[in-house]
Amino acid sequence: MNQIDENKVIAVVLLAGKILLESGAETYRVEDTMTRIARHYGLHSTNSFVTPTAIIFSASSESSSRLLRVLSRTTDLEKIAETNEISRAITADVLSLETAHEALQDLAASNQHFPYWLRMMSAAIVSGLFLIMFNGDFRDIIPSIIAGGIGLMVAEFIQEHTRLKFFAEFGGAFVIAVTALLAVNYLGGVSLNKVIISAVMPLVPGVLITNAIRDLMAAHLLAGAVKGVEASLTAFAIGTGVAVCLILL
C-alpha cells in the first residue's frame, strides 16, 4: 500500500473514531472499530489510544502518530449504529474507500437529534412515568410532568448558549426544584420529594455511568475513570441545584 492510500485509510479510520466518540460510544468500541477498518485495508500493526477528549492513532510502530481532538460529546445512538453499519460494509467490501469516506463525512455533518419540542415532551412524559415507578401519588403526576419538561428545556438552553455542561445541569435542577415547589403548592401536589426526584431523572447521566463501567470492565482504566468522574460531577451539579433552591426558598 502506498503512502497516499495509507493516508486515505487513516483519514477514514480517524473520522469513524471521531463520530463514535462524539456520539457517546464506549472507548473500547471506538478502538475496535478503528482497528477493524485499518486491518481490512492492510494495516495490521496499528496502534490506537482513545480518551474521552482525544484520539491518537498510528499505522505502525515506524509511522508517525496522528492526534485528533474531540471537543464536544453527546449521546447519539443513531450515529453510533450508522457508523457501525458503515464499518461492517467496509469490511464486507460493499463500500470502497472513497465511498466510505464520503458516507462518514455526510454522517458527521448530519444533525439527527430529535426536535427540541419532542425532547422536552419526552422528558415530561418520562418524569410522570418515573413518579408512578416510585409509587408516587397520582396527584403528583402533573407537577412531575411540568417540572421535568421545563427542567430539560432550561438545561439544554444553557448548554447550547454557554457550553458549560455542569452549569447546565445545575440550572436545570434548580428550575425543576422551583417548578416542583410551585406545582405542589398550587396544583394540589402531595409529595415534593418524589416530584423532584422524578423530574430530575431525564438529567441523570445514565449512559455515561454505563459507559464508564463498561470501559473499566474492558480494562480502559483511564477512560473509565474520567467518565466516572464526569458522571459524578454531573450528579453533584444536579444535587446542588436542588439543594440551593430548597435552602433559598
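This briefing covers salt bridges, a surface patch, a pocket and some backbone features of the structure above. The model is a predicted one, and every value quoted below was computed from its coordinates. A search of the whole structure finds nine salt bridges, and among them are two that connect Glu26, Arg29 and Arg214 into a network. The surface also carries a nonpolar patch with about 680 Å² of accessible area together, while the second largest pocket has a volume of about 160 Å³.

**Salt bridges**

- Glu26, Arg29 and Arg214 are linked in a network of salt bridges, in which Glu26 pairs with Arg29 at 2.9 Å between the closest N and O atoms and with Arg214 at 2.7 Å, N to O.
- The pair of Glu26 and Arg214 links distant parts of the chain, since Glu26 sits in the loop between helix 1 (3-22) and helix 2 whereas Arg214 belongs to helix 9 (residues 206-217), 188 residues apart.
- Glu26 counts as buried because its relative accessibility is 5%, which falls under the 20% cut-off.
- Both arginine partners of this network count as partly exposed, Arg29 at 27% relative accessibility and Arg214 at 36%.
- A further salt bridge joins Arg139 to Asp137, with the closest N and O atoms 3.1 Å apart; here Arg139 is exposed, with a relative accessible area of 51%, and Asp137 is partly exposed at 29%.

**Nonpolar surface patch**

- The nonpolar patch on the surface is formed by Trp117, Met121, Ile125, Leu129, Ile132 and Phe138.
- One of these residues, Leu129, is found in helix 5 (residues 116-133), and Leu129 counts as exposed because its relative accessible area is 53%, which lies over the 50% cut-off.

**Second largest pocket**

- The lining of the second largest pocket consists of Arg29, Asp32, Thr33, Arg36, Asn84, Ser87, Arg88 and Thr91, and the elements that give two or more residues to this lining are helix 2 (27-40) and helix 3 (77-91).
- Sorted by class, the lining of this pocket has four polar and four charged residues and no nonpolar ones.
- Arg29 appears in this lining and is also a member of the salt-bridge network with Glu26 and Arg214.

**Backbone with positive phi**

- Most residues other than glycine have a negative phi.
- Asp93 has a positive phi of about 65° although it is not a glycine; Asp93 is placed in the loop between helix 3 and helix 4 (97-109), where its relative accessible area of 58% makes it exposed.
- Asn135, likewise not a glycine, has a positive phi of about 60°; Asn135 is placed in the loop between helix 5 and helix 6 (141-162) and is exposed, with a relative accessible area of 65%.

**The segment after helix 10**

- Leu249 lies in the segment after helix 10 (221-248) and counts as exposed, at 65% relative accessibility.
- Leu249 and Leu181 are 68 residues apart in sequence, while their C-alpha atoms are 8.8 Å apart in space.

Notes. Residues numbered from 1 in each chain as written. Predicted model: local features only at pLDDT ≥ 70, side-chain atom pairs only at ≥ 80, totals over all residues. Heavy atoms only, no water. Patch = residues over 30% accessible without salt bridge, like charges linked within 9 Å, V, L, I, M, F, W, Y side chains within 5 Å. Areas by Shrake-Rupley, 256 points an atom, 1.4 Å probe, with all protein chains shown as cover. Salt bridge = Lys/Arg side-chain N within 4 Å of Asp/Glu carboxyl O. Helix = DSSP H or I, 4+ residues; strand = E, 2+ residues; numbered from the N terminus. Buried < 20%, exposed > 50% of the residue type's maximum accessible area, 1.4 Å probe, protein only. 1 Å grid on protein atoms, 1.4 Å probe; cavity = no way out; pocket = protein on both sides within 12 Å on 5 of 7 lines; lining within 4 Å. Points joined across faces, edges and corners; volume = space filled by probe spheres on them. Nonpolar A, V, L, I, M, F, W, Y, C, P; charged D, E, K, R; others polar.
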